[in-house]
Amino acid sequence: GALFLGPFLVSVWLLSRLPGPSAADEAARAAREPMDGARRWAFLKQFWPGLLMLLVVYLFLTAFRDFRDNYGVEIFRALGHGGRPAIFTQTEIPVAFGVLVVLAALNLIRDNRRGLLGAFVIMAGGMALLGGATALLDAGAIGGVTWMILVGFGSYLAYVPFGTVLFERMIAHTRTAGNVVFAIYLMDAVGYTGSAGTMLWKDLGRASLSHLDFIRGLAYGLAGLGVLLLTAAAVYFVRRRPR
């Protein structure tokens with residue numbers, strides 16, 4: 001217990017020492033206020049069409065990401081790279097570094113409307129990469145390791161902005177009274193339900209399919225659905241006028 005309690009207390013102390021937002025911060029990104037039950041309902045009523053589209057995307061995106069991570073050994077074995085534990089380092093470091101660079105570049109956009117649109121473009125591009133990379137694998141144009149890097153990069157490009165970036169920009173653009181916590185909580189509540197459901201679907205309804213064939217089909221479906229819904233959500237949120 002002490003092994004985990006120490007870092008936790010240090011984190012709490014560091015967070016308590018962070019300065020509050022300056023006047024310039026609030027002018028640029030809107031003041032962030034606590035959201036009680038009434039404000040949460042108001043938030044849902046105000047943005048429910050766009051949030052619904054994002055929830056559907058996040059449901060299947062979390063399922064894809066977790067399936068790739070949880071069954072990586074089986075997928076690599078089917079790709080002809082079994083028995084090589086170091087291959088996970090070979091594939092995941094480029095994914096982490098690539099996502100970090102792209103999102104850091106997004107932070108350079110100061111205008112909130114353009115930043116929100118940029119976040120959607122990155123996420124939709126990540127979704128398109130899932131389908132494109134899988135088509136290249138099926139055509140024999142790339143190998144299994146490259147494919148795992150590309151679908152990992154694409155899925156995390158779409159997944160990571162849900163953690164803060166997307167809703168931070170959305171709230172700043174619309175000047176909505178509130179914060180990102182409720183939106184993130186809502187997404188996670190739905191997303192992990194999708195993850196568990198997908199594993200049950202594979203084990204009970206598609207048991208004859210290999211893990212590789214299953215995730216390939218999931219990549220194609222998610223690419224089409226994700227690009228469509230993220231494009232529609234981008235149009236919806238970017239057109240919302242600041243309050």
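**Figure 1. Phe43, a buried residue of helix α3 in the predicted model.** In this predicted model, Phe43 has a relative accessible area of 4% and is therefore classed as buried, the cut-off being under 20%. The residue belongs to helix α3, which spans residues 37-70. When its neighbours within four places in sequence are set aside, Phe43 is in contact with Met35, Leu51, Met170, Thr176, Phe182 and Ala183. One of these partners, Thr176, is 133 residues away along the chain, yet the C-alpha atoms of Phe43 and Thr176 are separated by 8.3 Å.

**Figure 2. Surroundings of Arg68 in helix α3.** Arg68 is likewise placed in helix α3, and with a relative accessible area of 2% this arginine counts as buried, because the value falls under 20%. A polar atom of the Arg68 side chain lies 3.0 Å from the backbone oxygen of Met148. Beyond residues up to four places away in sequence, Arg68 touches Ile75, Glu92, Val95, Met148, Val151, Gly152, Tyr156 and Ile215, so that Met148 appears both in this list of contacts and as the owner of the backbone oxygen described above.

**Figure 3. Helix α8 and the residue that follows it.** Helix α8 runs over residues 165-174, and it is largely enclosed by the rest of the structure because nine of its 10 residues are buried. The buried positions of α8 are Leu166, Phe167, Glu168, Arg169, Met170, Ile171, Ala172, His173 and Thr174, a list that includes the charged-residue names Glu168 and Arg169. Met170, buried in α8, is also one of the residues in contact with Phe43. Just after α8, Arg175 takes a positive phi of about 60 degrees.

**Figure 4. The whole chain, as context for the close-up views.** The chain contains 10 helices and zero strands, and its elements, read along the sequence, follow the pattern α-α-α-α-α-α-α-α-α-α. Of the 243 residues in the chain, 43% are buried. Among contacts between residues at least 6 apart in sequence, 82% join residues at least 24 apart. The accessible surface of the chain comes to about 12,700 Å², and carbon and sulfur atoms account for 67% of that area.

Definitions and conventions
Residues are numbered from 1 along each chain as its sequence is written. This is a predicted model: local features need pLDDT of at least 70, side-chain atom pairs count only at pLDDT 80 or more; totals for chains, interfaces and linings use all residues. Side-chain values use heavy atoms; hydrogens and water are left out. Helices (H or I, at least four residues) and strands (E, at least two) are DSSP runs, numbered from the N terminus. Buried means under 20% relative accessible area, exposed over 50%, partly exposed in between (1.4 Å probe, protein chains only). Contact means heavy atoms within 4.5 Å. A polar contact is a pair of N or O atoms within 3.5 Å; within protein, one must be able to donate a hydrogen and the other to accept it, and residues adjacent in sequence count only if both atoms are side-chain atoms. Accessible areas come from the Shrake-Rupley method with a 1.4 Å probe; for residues, only the protein chains shown count as cover.
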